[in-house]
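Hi,

Here is the structure I promised to pass on. Have a look at it first, and then read my notes underneath.

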Amino acid sequence: MALVMGVVNVTPDSFSDGGRYADADAAVAHGLRLRAEGADILDVGGESTRPGAERVGPAVEQERVLSVVRALAEAGAVVSIDTMNASTALAAVEAGARIVNDVSGGMADRDMLAAVAPTGADIVLQHWRGHSADMYANAEYGEVVPEVVAELAARVEAAAAAGIPPARVIVDPGIGFGKRGRQNWETLHGLPRFVAMGHRVLVGTSRKRFLAEALADDPADATEARRDLATAVTSVLAAQAGVWAVRVHDVAATRDALTVAGNWEGADRWASPTRSR
Ligand code: PMM
């Protein structure tokens, strides 16, 4: 079953936690709680990527995230840093992060790939076609899955050219990034094609708008609890499609859902008299 990456947003304007963890101590406490609930990785981010969000500079971003990364890494957590800035990635790795999660796949900051290469950190290359402010302007595809696969393969090549071998790369189709409602479902349905690229795959559906649109005529009627349930379902289906990890806000719900699915899949072992659990 897939690993669970828990989201620790340290932003005052995140759509999903209302900025409740803007304060570093609260963010650390939140991260530790997610870990206790079963998160395998904690993804710390200081810049909101929600549609229409304003960008913050690397200095503000680093002020938000570095102490949180350090504290969580010192507590023994595997930490990833959600950033598009090479300087933030480097500082976070120095503070103990083991994975750099770049939603732009190394495109927003041209120094990113070369900066990460000598650190030995793993890197998430997410599919991306532009910043949040105009995220949907580029959501035009002939066929979404083959195009996203091809664009990700080009980013993996760029990483290799910069000195990051494929074994350190995790690809992410970027649900909600430059994709409208139905394109997200097509991308999820096509997850086996991403898995077939031969790299670890991460996928993040958590609380995203396309889930709310599927649940209610007015997305505002799809409460956080309903989005979290939908997230747990999509995360199980993603795990069954072979992804390496799922990125979620509500770790407990997705962990439970994965456990249930794991029991279902493991039942053939229990049924066999020659094999034990
Ligand atoms: N989604 C968000 C932020 N970072 N990183 C990866 N690798 N994949 C995602 O789908 C992803 C991400 C969306 O923002 P949120 O943390 O505010 O929900």
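Below is what turned up, going from a strand to the ring contacts and then to a cavity.

One thing to keep in mind throughout: this is a predicted model.

**Strand β2**

I'd start with β2, which covers residues 41-45. Five of its five residues are buried, so the strand is largely enclosed by the rest of the structure. If you look along β2, Ile41, Asp43 and Gly45 point one way, while Leu42 and Val44 point the other way. That fits the general picture, since side chains in a regular strand alternate between the two faces of the sheet. Both sets are buried here, and that includes Asp43.

What does β2 pair with? One partner is strand β1 (residues 3-9), in the parallel sense and over five bridges. Another is strand β3 (residues 79-82), again parallel, over four bridges. If you want spots to click on, Met5 has Ile41 of β2 as its bridge partner, and Val44 has Ile81 in β3.

**Ring contacts**

How many aromatic pairs does the structure hold? Just one. Trp185 and Phe210 make up that pair, in an edge-to-face arrangement with 4.9 Å centre to centre and 65° between the planes. Trp185 sits in helix α6 (residues 181-189) and Phe210 in helix α8 (residues 209-215), so the contact ties together parts that are 25 residues apart in sequence.

Are the two rings' residues buried or exposed? Trp185 has a relative accessibility of 37%, so it counts as partly exposed. Phe210 is at 4%, and because the cut-off for buried is under 20%, that residue counts as buried.

There is also a charge over a ring to look at: Arg200 lies over the face of Trp244, at 5.0 Å from the ring centre.

**The cavity**

Searching the whole structure gave one cavity of 30 Å³ or more. Its volume is about 30 Å³. Which residues line it? They are Glu47, Thr49, Glu61, Asp82, Thr83, Met84 and Val103. Sorted by class, the lining has three charged, two polar and two nonpolar residues. Asp82, one of the lining residues, also falls within the range of β3, residues 79-82, so to speak a handy place to begin when you go from the strands to the cavity.

That's everything from my side. Shout if anything is unclear when you open the file.

Cheers

How values were computed
Residues numbered from 1 in each chain as written. Predicted model: local features only at pLDDT ≥ 70, side-chain atom pairs only at ≥ 80, totals over all residues. Heavy atoms only, no water. Phe/Tyr/Trp six-rings, centres within 6.5 Å; stacked < 30°, edge-to-face > 60°. Helix = DSSP H or I, 4+ residues; strand = E, 2+ residues; numbered from the N terminus. Buried < 20%, exposed > 50% of the residue type's maximum accessible area, 1.4 Å probe, protein only. Lys NZ or Arg CZ within 6 Å of the ring centre and 35° of its normal. 1 Å grid on protein atoms, 1.4 Å probe; cavity = no way out; pocket = protein on both sides within 12 Å on 5 of 7 lines; lining within 4 Å. Points joined across faces, edges and corners; volume = space filled by probe spheres on them. Nonpolar A, V, L, I, M, F, W, Y, C, P; charged D, E, K, R; others polar. Pairing = 2+ DSSP bridges.
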